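Colleague: Could you walk me through this model and show me how to read its features? I would like the general idea each time, then the case at hand.

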Number of protein chains: 2
Amino acid sequence: MIAVVQAHPYPDRSRANRILAAAIADLPAIVVRSLYDLYPDYAIDVEAEQRVLAAADVIVWQHPLFWYTPPALQKLWFEKVLTPGFAYGPGGEALQGKGCLWVVTTGGDDADYDPMGIHGHVFDTFAAVVRQTALFCSMAWLDPFVVHAATRIDDETLYAWGARYRARLIELGGAAAEEAANG
Amino acid sequence: MIAVVQAHPYPDRSRANRILAAAIADLPAIVVRSLYDLYPDYAIDVEAEQRVLAAADVIVWQHPLFWYTPPALQKLWFEKVLTPGFAYGPGGEALQGKGCLWVVTTGGDDADYDPMGIHGHVFDTFAAVVRQTALFCSMAWLDPFVVHAATRIDDETLYAWGARYRARLIELGGAAAEEAANG
């Protein structure tokens, strides 16, 4: 099973994350956790979230990037759900070896994410905080799915990104299912 | 005036941030915004925050680092308060040229923040997301005040850090006051 943790605080204003979410919504063997729908009051149900993660083979974090990092509720989810004894530290092996796929949309394009660009660094510099969060929990960091310039590209291109996202999850789900069958 | 934005979700469990906060609490010409006290419900008063920032010469962000980034409510503050037309973009010059001091405590020490250490990178890699947030708002990024291994060092050392923090704000306040007098 693939757990897809989605966090977009303004779904009405999001074309990209809405199209990406729609592209995978009917896949079998995924569980979607839409954080801003579930927890508009920021009161995260830690046990429910941990149960979903424990049952998953692959964990997806899907959100836009605001100020170079995941939205606040996704950040709170990291703080509340990735606890010692569950996600890391003594006895904290619940996520060990699970694949972690970061699906992220950004407003900037390649020229913006450049030492000479408006963001002053290549994109990978900002990826470090998310990647290291996964690695600290002994997850396997998968090649991230990054959609740049998400507010500027047209619908057709976004639907193509949606198809690619769907194919990626099918591939990951198949691999996970196969591994489960062989394991 | 120096605006000190403090964000610690668990003040009872924080020695370091409590000692740092106490070391500067009685300084004249500072305004402290303790986010978790002001907004336990995550409902940030954007206008009130922007008024404080607009009146400040120097802005301090003081918090522990969780999962390599500021606590969730500090992150929400970035998202809600640093709006286009205020902090950046056309007409967004309210913070231009103001000093920005990042006062951050971490659990790790120098050996942890190393390519071969448990966090896989030198600390400055993780600083990029916060520094770039300040720079995007045309603020002047000051040399950060970083207290590593904050959960492990003894009270005496923490009080020494507190004294250094106090001296730093006095120095910054004096410079700001002087600049205001000359401007």
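Modeller: Gladly, and let's start with a definition: a crossover is right-handed if, with the strands pointing away from the viewer, the path from the first strand over the helix to the second runs clockwise. Keep in mind that this is a predicted model.

Colleague: Which elements of chain A make a right-handed β-α-β unit with α4(A)?

Modeller: The strands on either side of α4(A) in that right-handed unit are β3(A) and β4(A). Another right-handed β-α-β unit consists of β1(A), helix α1 of chain A (residues 16-24) and β2(A).

Colleague: How many bridges link β3(A) and β4(A), and in which sense do they pair?

Modeller: Strand β3 (residues 58-64) and β4 of chain A are parallel, with 7 bridges between them. To find the register, look at A:Q62, whose bridge partner in β4(A) is A:V103. The strands of the other unit, β1 (residues 2-6) and β2 (residues 30-34) of chain A, are also parallel, joined by 5 bridges. There, A:Q6 has A:S34 of β2(A) as its bridge partner.

Colleague: Which other strands does β4(A) pair with?

Modeller: β4(A) pairs in the parallel sense with β5(A), residues 140-141, over 2 bridges, and A:G99 is opposite A:A140 of that strand. β4(A) also runs parallel to β6(A), residues 145-147, with 3 bridges; here A:T105 faces A:V147.

Colleague: Is β4(A) largely enclosed or open?

Modeller: For burial, the general idea is to count neighbours: a residue is buried if 20 or more other C-beta atoms lie within 10 Å of its own. In β4(A), residues 99-105, 6 of the 7 residues are buried, so the strand is largely enclosed by the rest of the structure.

Colleague: Now the helices. What should I look at when two of them pack?

Modeller: Two packed helices are described by the angle between their axes and the distance between the axes. Take α3(A), residues 46-55, against α4(A): the angle is about 85° and the axes are 10 Å apart. Angles of 65 to 115 degrees count as roughly perpendicular, and therefore these two helices are roughly perpendicular to each other. A:V46, A:E49 and A:Q50 of α3(A) make the contact with A:W77, A:K80 and A:V81 of α4(A). By class, that contact has 3 nonpolar, 1 polar and 2 charged residues.

Colleague: What angle do α3(B) and α4(B) pack at?

Modeller: For α3(B) (residues 46-55) and α4(B), the angle is about 85°, and the axes are 10 Å apart. They are therefore roughly perpendicular to each other. B:V46, B:E49 and B:Q50 of α3(B) meet B:W77, B:K80 and B:V81 of α4(B).

Colleague: And between the chains, are α4(A) and α4(B) roughly parallel or antiparallel?

Modeller: α4(A) and α4(B) pack at about 170°, with axes 8 Å apart, and are therefore roughly antiparallel. A:A72, A:K75, A:L76 and A:E79 touch B:A72, B:K75, B:L76 and B:E79. That contact between the two helices has 4 nonpolar, no polar and 4 charged residues.

Colleague: How many residues does each chain bring to the whole contact?

Modeller: Chain A and chain B contribute 20 residues each. On the chain A side, α4 (72-81) and α5 (123-136) each supply at least two residues, and α5(A) gives the most, with 7 residues. By class, this side of chain A has 11 nonpolar, 7 polar and 2 charged residues.

Technical notes: Residues are numbered from 1 along each chain as its sequence is written. Chains are lettered from A and ligands numbered from 1 in the order in which they are written. This is a predicted model: local features need pLDDT of at least 70, side-chain atom pairs count only at pLDDT 80 or more; totals for chains, interfaces and linings use all residues. Two residues are in contact if their C-beta atoms, placed from the backbone, lie within 7 Å. Helices (H or I, at least four residues) and strands (E, at least two) are DSSP runs, numbered from the N terminus. Ala, Val, Leu, Ile, Met, Phe, Trp, Tyr, Cys and Pro count as nonpolar, Asp, Glu, Lys and Arg as charged, and the others, Gly among them, as polar. Axes are lines fitted to C-alpha atoms, for helices over the stretch in contact, and angles run from 0 to 180 degrees between N-to-C directions. Angles under 35 degrees count as roughly parallel, over 145 as roughly antiparallel, 65 to 115 as roughly perpendicular and the rest as oblique. Two strands pair if DSSP finds at least two bridges between them. A residue is buried if 20 or more other C-beta atoms lie within 10 Å of its own, exposed if 12 or fewer, and partly exposed in between; C-beta atoms are placed from the backbone.
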